[in-house]
Amino acid sequence: MSLPLSSVSPFPQQALASSRQIVSLLFGPPSRRSFHVRYWDGSQEGPAGSTPATVTLTSPASLRRMLWPPSDLALGEAFIFGDFDVEGSLEHVLAQAVQIGDQLLRPAVAARVVAALLSLPDTKRPTPNLNFDDTSKTHSKERDAHAIRYHYDIGNDFYKLWLDERMVYSCAYFKTEHDTLEQAQTTKLDRICKKLRLQPGERLLDIGCGWGGLAIYAAQHYGVTVTGITLSPSQAEVARERAEAAGVGDKVKIEIRDYRDLSASTRYDKVASIGMFEHVGRAKMPKYFAQIYKLLRPGGLLLNHGIVKEIAPNFIHWGFGTVERYLNAHSFLQNYVFPDGELRRLSEVNLRAEQAGFEIRDAENMREHYALTLRQWVMRLEDHHAEILARGLADEVTYRIWRLYMAGSAQSFTAGRIGVVQTLLAKPLPSGEVNLPLGRADIEA
C-alpha cells in the first residue's frame, strides 16, 4: 500500500511560526544549519548556497508527529508515512538529528520545544499495521523463524536490485574507497576463507547462509564441502539454484534449519556465522556458542561476524538508564526492520564464547567498511526507486523503511555508535594446540 504525502492546503500561520521556532531551537538559526528546510506552504529557509539535503515538512502536523513523544520510532514512522521527506542525503540529515536528544535534555530548551509542539495540530494519520506482530516467546524457534522471514522474504527480486551480483547481505571489505561493491564483497568472502584457513576437503558450516554467496565461493575457490542453513525459504531456493548454476551443487547443501536443530553427530572443520549473530539474543548467547562448540571438531575454527554496540550518545545515559530503556521500547528497527534483534558489547559476546570453551585468536572491527557498504546499498536502492514501484517489488512505505534503516545505520557506523566485528575463535586440541600460523601474512596476501 503506497501512502501519498500529506495535503498541502492552506493552514494557520501560527503552525508555521511554531514549526520554524522548533527547528531553530533544535538546529540553530537558518544560516548555521547544514541543510535546508522547506515548509508545506512552499517557503524555505537555510544557509546561503547548496547543502547536502533539503528536509520537506509536508503539513502543519509534521513536527508533532516526528518528535512527540520523542523516539526514533516516532521519527521513523513520520518518514515512512510521508510526514516529511528528504531530498539528497538522508544520512546527513540523520547525523544532524542526533542533536535533538542533546537539546531536549536542556530544560529551558525542552520546555519551549514541547510548548511549540503541543501548539501544532494533533491530527492522526491512518497508519497500516506493518510492524512485526508475534506473541510467542521471544527467541523461540517459531518466533525466530517468523522474524527472519519478516525481514528477508520481501522478495528476492527486491534485494537483487541493490545488492551485489552474489547477493551478499553483510559488510563488504574495501581495499580502497574506490572499490566497486562487487570487488569489496569478493574481497570480504576471500578474507573470511583465509581467516578460517580453509583447506580442500574440509567441511564448512555456514550459519545464516543467506543467498549462498559465501558457501558457493568457498566451494569454488577453496575446495570445501559446505552446509548452509537459513530460516528463509526464499533465500534457500535462490542459494540452491545458484550453487547448481555455479557447478558446485554437489559440494553445497542448503537447508532450512535452526542452528539449535543441528545434530552434534556431524562435526565440521570450520564454522562461519556471518551477520546472523544479531538475531540470537542475549539470553540465547550461551546456548549459541555451546552448540557451535559441539559442532566443531577439536582444533576447528569459528569466524563469528556481527554488529556490536559501541559508543552511545550522551543523552542515552541520562536518568540511570531510563532514557535507554525508553528508547529500546520505542525502537523503529525493532518494530519495522529487525524484530527481536539485539546488539551487545563485544566484551560480553567474547565472554560468552570463552565460557563455552573457545579461545579468541583474532578480532577485526570493520565499521568503516560497513558505512561504505551501506552507502552503496542506499545509492542503488534510490537509483531503483521508480523501478521498485513500477514492478510492484515493494510499495512506497516499504521502500522508505529500507532507505531510512540503511542510511541511519551508515551514520551510526560512521559515528562509532555501533561496530561490526569479525572474531576468529578456536576450539583447541586436547593438548592446547591450535594449528594457526604465527602471523597474519596469509590473510593480508
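**Helix 10**

I began with helix 10 and listed its buried residues (under 20% relative accessible area with a 1.4 Å probe, protein chains only; exposed is over 50%, partly exposed in between): Ser234, Gln235, Ala236, Val238, Ala239 and Ala243. I note that this is a predicted model, in which local features need pLDDT of at least 70 and side-chain atom pairs count only at pLDDT 80 or more, while totals for chains, interfaces and linings use all residues. Residues are numbered from 1 along each chain as its sequence is written, and side-chain values use heavy atoms, with hydrogens and water left out.

Helices (H or I, at least four residues) and strands (E, at least two) are DSSP runs, numbered from the N terminus. I checked the span of helix 10: its 13 residues, 233-245, reach 19 Å from first C-alpha to last, close to the 18 Å expected at 1.5 Å a residue. The expected span is 1.5 Å times one less than the number of residues. After helix 10 I found Gly247, with a positive phi near 80°.

**Strands 5, 6 and 7**

I looked up strand 6 (residues 225-230) next; 5 of its 6 residues are buried, so it is largely enclosed by the rest of the structure. Two strands pair if DSSP finds at least two bridges between them. Strand 6 pairs in the parallel sense with strand 5 (residues 203-207) over 5 bridges, and Ile207 stands opposite Ile229. Strand 6 also pairs in the parallel sense with strand 7, over 5 bridges; here Ile229 stands opposite Glu255. From strand 6 the chain crosses through helix 10 to strand 7, a right-handed β-α-β crossover. Right-handed means that, with the strands pointing away from the viewer, the path from the first strand over the helix to the second runs clockwise.

**Asp258**

I located Asp258 in the loop between strand 7 (252-256) and strand 8 (268-274). Asp258 counts as buried, at 6% relative accessibility. A polar atom of its side chain lies 2.8 Å from the backbone nitrogen of Arg260.

**Tyr39**

I then went to Tyr39, in the loop between strand 1 and strand 2. Tyr39 is buried, with a relative accessible area of 1%. Leaving aside neighbours within four places in sequence, its contacts (heavy atoms within 4.5 Å) are Leu16, Ser19, Arg20, Val23, Glu45 and Leu57. The C-alpha atoms of Tyr39 and Ser19 are 8.7 Å apart, with these positions 20 residues apart along the chain counted as their separation. A polar contact of 2.6 Å joins the side chains of Tyr39 and Glu45; the term means N or O atoms within 3.5 Å, where within protein one must be able to donate a hydrogen and the other to accept it, and residues adjacent in sequence count only if both atoms are side-chain atoms.
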